[in-house]
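Colleague: I've never read a two-chain model before. Could you walk me through this one, feature by feature?

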Amino acid sequence: MNELVGKPVDRVDGRLKVTGTANYSAEYYPKNVAYGVIVESTIAKGRIKNIDITTAGKAPGVINIMTYKNSMNLHFPQSSDPGGGKYAEKDLLPLQNDRIFYGGQAIAVVIAETFEQAEQAAMLVTADYEKDKPVFDLEKNVEKAYKPVAGLGGSQIQMTRGNTEAALQNASVKLEETYTTPVYHHNAMEPHATTAEWNGDQLMIYDATQSVMGSKNLMAAMLGVEPEKVRLVALFIGGGFGSKGFSWPNTVLTAMAAKLVNRPVKLVLKRQQMFTNAGRRTQTIQKISLGTDNTGKLNAIKHATTSESSFVDEFVEPAGVATAMLYSCANADINHSLVRLNKGTPCPTRAPGEAPGTYAIEAAMDELAYKLNMDPIQLRLVNYNEKDEQKNQQFSSKNLKECYQRGADAIGWAQRNPKPGSIREGNYLVGYGMATATYPANRSASTAKAVLFPDGHAEILCGTQDIGTGTYTIMTQVAADALGLPIEKVKVKLGDSSYPKGANSGGSQVSASVGPAIRAAALGAKSKLVKMAIADAGSPLHGQKEETIIADNGQLHLINQPDKGETYSAILNRHGLDKIEVLATTNVSTRQQQEANPAAKTGAEAQAAQESKSNPAVQEDEHTDRKPYSFHSFGAQFVKLRVDAQLGTVHIDKIVSVMDVGKVMNLKTAKNQIMGGAIFGIGMALMEETAYDPNDGRVVTRDLAQYLVPVHADMPEFDIQFIDKPDTIISPIGARGIGEIGITGITAAIVNAIYHATGKRVRNLPVTPDKLL
Amino acid sequence: MEPFKFIRAQDNNNAIAAAAVADAKFIAGGTNIIDLMKLNIEKPHQVVDINALKLDKIETLSNGTIRIGALVKNSDLAYHPNISKNYPVLSEALLSGASAQLRNMASVGGNLLQRTRCPYFYDTSYPCNKREPGSGCSAINGYNRNNAVLGTSDKCIATHPSDMCVAMAALGAIIHVQGAKGMRSIPFADFHLLPGKTPSIETTLKHGELITAVDIPVMSFAVKSHYLKVRDRASYEFALASAAVVLDVQGGRIQHARVALGGVGTKPWRSTVAEKVLTGALNNEQTYRTAAEAALSAAKPYTHNAFKIELAKRTLVRALTTVGGMS
């Protein structure tokens with residue numbers, strides 16, 4: 001049989017998307033729908049003295065205006081279940097009181113008959129404030145920093161081993177530098193959008209989210225409704241990059257507004273509001289200290305990160321976490337500090353921690369290599385590790401040396417003149433740079449259902465979602481292989497909280513989490529079919545042994561006698577069945593703290609757990625011993641670029657990314673992910689930066705004309721390669737996630753290449769032309 | 001966006017009559033004004049669509065002048081053989097602006113009236129003297145990396161965003177307008193105004209006047225010309241600094257020179273001081289550098305944009321080097 005997994009299969013939803021028939025959350029039009037527009041605070045700290053809605057209330061089409069005075073009371077969500085969703089700002093539920101903690105905070109929602117009317121009336125709402133002096137500049141307030149206890153989900157962020165200070169003192173060669181990254185905004189193409197409709201006490205929500213399950217649970221908890229009464233759907237999501245991982249005010253405000261006006265309400269954030277009401281990547285100040293002996297062997301690594309949080313929640317950008325396991329080094333000190341500012345709460349952004357963190361550590365490693373007069377690759381090889389020295393666990397699979405080698409060959413590393421500023425072509429200085437990429441391989445519990453129908457097609461149901469990465473396609477490949485069906489006979493249904501609980505789309509975990517559950521459910525369904533045939537006197541396979549039968553192209557037949565068999569349809573029809581259903585749950589987590597306390601199971605979850613006890617695929621998966629292992633993906637990023645020597649403009653000619661991410665599920669979508677990550681990295685390195693007004697602390701660069709992301713003309717040639725060796729420890733499908741690793745290391749590779757080209761070391765991103773004059 | 005009345009004009013007189021009322025605005029390509037209306041920055045209550053007017057031709061007059069109708073699309077002008085061959089500076093300026101989609105919609109007349117991209121002008125929650133006279137300038141002591149260093153005042157430091165206008169300033173274009181009282185012609189240098197005390201008044205166009213055409217006078221040596229734009233990304237972004245240069249070099253000496261700068265001025269910045277340095281001087285790098293120093297001698301830096309002064313000099317030197325080296 002021809003395996004589909006691994007093939008560059010076209011996206012199964014590609015046609016829907018390019019023809020505009022894939023419905024996103026703003027594209028549902030319930031009967032009598034009204035439109036909501038959020039009004040934002042124009043101060044960064046204080047309280048509302050008076051909010052005047054008189055003029056706005058009389059504007060054409062206005063149905064009602066929701067403020068803290070007439071909005072329903074919300075309940076603070078309490079979720080210990082890691083898949084239970086996270087409200088972005090735990091101490092600031094929207095429109096509950098008059099206090100203002102940041103510029104752009106929601107202070108009202110205007111609800112009108114049309115979007116245009118709501119928009120216009122929103123401009124007529126005015127507020128008088130009692131202003132306080134806001135704190136908004138990280139660099140000027142570092143003395144207010146404190147050390148948070150833990151990161152997201154209780155993750156470890158303060159880590160030490162050995163005696164780093166002593167080792168630094170005794171080091172033969174030392175490097176100490178500070179690297180900074182500015183605030184970045186995710187800017188997914190699809191804005192945050194919600195359509196909410198109450199039917200009695202039942203709530204239907206269409207919501208642009210990276211977690212249909214989490215968002216549903218949150219809405220139930222905040223609105224004080226039984227979770228079974230809420231259904232949340234996100235069939236298609238136009239990118240999230242972390243900004244749709246937490247739930248932001250827009251979703252719950254839509255449900256509140258719908259309740260207030262007793263009509264369905266649709267609310268879409270304006271692009272400007274995505275800079276204030278939907279998270280961001282915090283600014284970071286990262287101090288790196290490295291100490292080596294004369295051969296370049298590291299004996300001390302210190303990575304101290306200071307970043308921002310808000311006054312209404314705590315979010316740590318775990319920039320140093322990767323540094324703890326990246327190289328062999330006896331002494332390490334990884335710490336993180338936070339300063340609370342009058343800005344919205346930061347949140348995960350594609351490769352939270354690793355994106356800014358690998359920039360700092362990998363730029364420092366490059367500086368160290370030059371200081372030691374060593375080749376940057378050689379320095380990394382001298383410090384290569386086979387195990388995670390912080391956790392004292394071996395890696396489940398690591399082929400990084402091969403990544404370095406293949407990347408170096410593809411970019412022509414050995415042929416370059418390593419001396420900075422040595423390669424000149426006309427007005428340009430040419431440079432080569434490299435860096436290591438890495439991202440943890442996460443996996444969490446997931447449940448899926450496989451359903452076989454008498455007409456020979458199958459459906460897979462799972463409450464995860466496709467945020468644009470290709471999950472529909474990959475899961476169709478997995479299910480088709482397991483079921484022995486051609487791809488067009490398998491329909492994968494995701495993005496609906498009424499389906500069995502799937503993983504949220506965060507931490508690059510969906511393939512590794514959901515894939516095994518879907519595979520197990522599909523294998524279970526096939527096995528059920530085989531057993532029925534064997535037990536059935538009317539079947540040509542009657543009395544055969546299960547292991548002698550294979551499934552292929554919608555048929556069961558004997559391995560040695562392909563003509564002896566029958567179709568799935570024949571079996572189902574003979575038994576008068578309208579379907580065969582199998583649930584499977586794989587309760588595996590690569591984060592130990594989650595494994596200890598799996599959430600209580602009810603309904604379908606309980607049934608899935610019961611069915612899974614007799615599912616060999618689940619049993620084999622769950623009994624794999626994972627305790628000795630640390631799970632990470634690795635890669636090597638190589639860049640060749642040109643810098644205009646007088647004008648300071650940078651043009652990247654070529655990027656080579658060689659990735660070790662376990663089994664590649666779909667070569668096409670995998671390349672998309674790595675390329676997309678690299679483009680994110682180009683933005684980080686060369687142009688992206690959210691600017692704040694230095695006087696009142698509000699965002700100034702509030703649209704895509706002011707906040708620059710790379711465009712086609714900035715694109716280099718891409719050479720994306722994969723090691724493609726299955727990681728048999730993490731799961732039976734062998735894949736580690738690839739959504740985020742593409743952005744790691746690339747920013748450092750770019751700034752390292754700029755240094756090689758020009759001899760200029762820029763340590764504050766982005767490297768805009770002014771910094772190279 | 002405020003509600004407005006939409007009128008489709010059939011001819012020039014029709015359009016001018018419809019635009020005579022207060023709060024009326026013309027609309028052609030709509031690539032700038034629609035954005036501004038959506039954000040409540042422009043609030044016309046009568047929008048007069050002039051796309052049916054017969055102003056979409058590029059003609060060569062008997063004296064060699066190129067007359068460009070106000071409704072000619074930016075892309076059509078850029079690719080017109082007479083322009084791309086004989087006035088490459090204009091063609092290059094146009095093609096360095098915006099994106100292909102926008103250039104296919106944007107009109108020449110509209111480009112002349114393009115408004116600044118100063119972020120404070122765009123955010124109605126901030127004071128801005130250009131948007132709301134007398135409210136104050138948030139950029140002077142605010143985030144001003146992209147603001148101007150030439151022609152600023154204590155009321156406004158907004159950069160003029162157009163690329164096309166920089167080339168037209170160098171070429172000495174003439175703008176033809178028609179109003180209720182008849183037609184008049186405005187030399188390019190007199191069309192845009194410095195902000196001074198009244199930054200909300202950006203041109204000498206009177207309310208209700210319609211731009212009908214732009215003339216490019218004959219300039220045989222403009223065949224050797226160039227527009228260089230430096231920006232934070234390779235496309236679809238406004239200039240940090242740009243230079244439009246036309247040089248007539250004979251026997252190692254510069255006979256005629258035209259220089260204008262973009263991205264650094266509050267209006268399209270024709271630099272007659274740089275032209276003065278260049279005219280009659282030896283065609284070499286020393287001359288270029290002296291001209292660049294002269295061009296920026298009056299520049300005034302603000303908190304985040306001091307780099308623009310050096311960048312503009314280097315941009316001009318590079319553009320002069322390119323044109324001066326053309327055989």
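Modeller: Start by counting elements: chain B has 13 helices and 12 strands. Bear in mind that this is a predicted model.

Colleague: What would the radius of gyration of chain B be near, if it were a compact globule with 327 residues?

Modeller: Near 20 Å, and chain B has 19 Å, which agrees. Its C-alpha trace spans about 60 × 50 × 35 Å along the principal axes.

Colleague: And how many helices and strands does chain A have?

Modeller: Chain A comes to 18 helices and 30 strands. Its radius of gyration is 27 Å, close to the 28 Å that the globule rule gives for 773 residues, so chain A is as compact as a globular protein of that length. Its C-alpha atoms fill a box of roughly 80 × 70 × 50 Å.

Colleague: Which stretches make up the domains of chain A?

Modeller: A domain can be pieced together from separate stretches, and here you can see that. Domain 1 of chain A takes 17-133, 189-239 and 244-275, domain 2 takes 141-184, 281-441 and 630-772, and domain 3 takes 444-589 and 591-625. The C-alpha centres of domains 1 and 2 of chain A lie 36 Å apart. Where these two touch, domain 1 of chain A supplies 17 residues and domain 2 of chain A supplies 19. On the domain 1 side of that contact there are 8 nonpolar, 4 polar and 5 charged residues.

Colleague: What about the domains of chain B?

Modeller: Chain B is divided into domain 1 (5-52) and domain 2 (223-324). Their centres, taken over C-alpha atoms, are separated by 36 Å.

Colleague: How many residues of each chain are in contact with the other chain?

Modeller: You count each side separately: 24 residues of chain B are in contact with 28 residues of chain A. Helix H13 of chain B, residues 307-324, gives the most to the chain B side, with 6 residues. That side divides into 9 nonpolar, 6 polar and 9 charged residues.

Colleague: Now strands. In which sense do S20(A) and S21(A) pair?

Modeller: Look at which way each strand runs. Strand S20 (residues 446-452) and strand S21 (residues 458-461) of chain A pair in the antiparallel sense, over 4 bridges. One pair to find on screen is Leu452(A) with its bridge partner Ala458(A). The hairpin has 5 residues between the strands, and in it Gly456(A) takes a positive phi near 95 degrees.

Colleague: Which strand runs parallel to S21(A)?

Modeller: Strand S22 (residues 490-493) of chain A does, and 4 bridges join the two. Leu461(A), for instance, has Lys493(A) as its bridge partner in S22(A). With helix H11 (residues 471-483) of chain A, S21(A) and S22(A) make a right-handed β-α-β unit.

Colleague: Where could I practise on another crossover?

Modeller: Try strands S10 (residues 202-207) and S11 (residues 230-233) of chain A, which pair in the parallel sense over 4 bridges. Leu203(A) has Val230(A) as its bridge partner in S11(A). The chain crosses from S10(A) to S11(A) through helix H5 (residues 212-223), and this β-α-β crossover is right-handed.

Colleague: Last one: where in chain A does pLDDT stay under 50?

Modeller: Where pLDDT is low, the predicted coordinates should not be read in detail. In chain A that applies to residues 593-597, where pLDDT stays under 50 and the model has 5 contacts beyond four places in sequence. For chain A as a whole, the mean pLDDT is 96, and 98% of its residues reach 70 or more.

How values were computed: Residues are numbered from 1 along each chain as its sequence is written. Chains are lettered from A and ligands numbered from 1 in the order in which they are written. This is a predicted model: local features need pLDDT of at least 70, side-chain atom pairs count only at pLDDT 80 or more; totals for chains, interfaces and linings use all residues. Domain bounds come from an automatic or database domain assignment. Two residues are in contact if their C-beta atoms, placed from the backbone, lie within 7 Å. Ala, Val, Leu, Ile, Met, Phe, Trp, Tyr, Cys and Pro count as nonpolar, Asp, Glu, Lys and Arg as charged, and the others, Gly among them, as polar. Two strands pair if DSSP finds at least two bridges between them. A crossover is right-handed if, with the strands pointing away from the viewer, the path from the first strand over the helix to the second runs clockwise. pLDDT is the predictor's confidence in each residue, from 0 to 100. The radius of gyration is taken over C-alpha atoms; the globule rule is 2.2 Å times the number of residues to the power 0.38.
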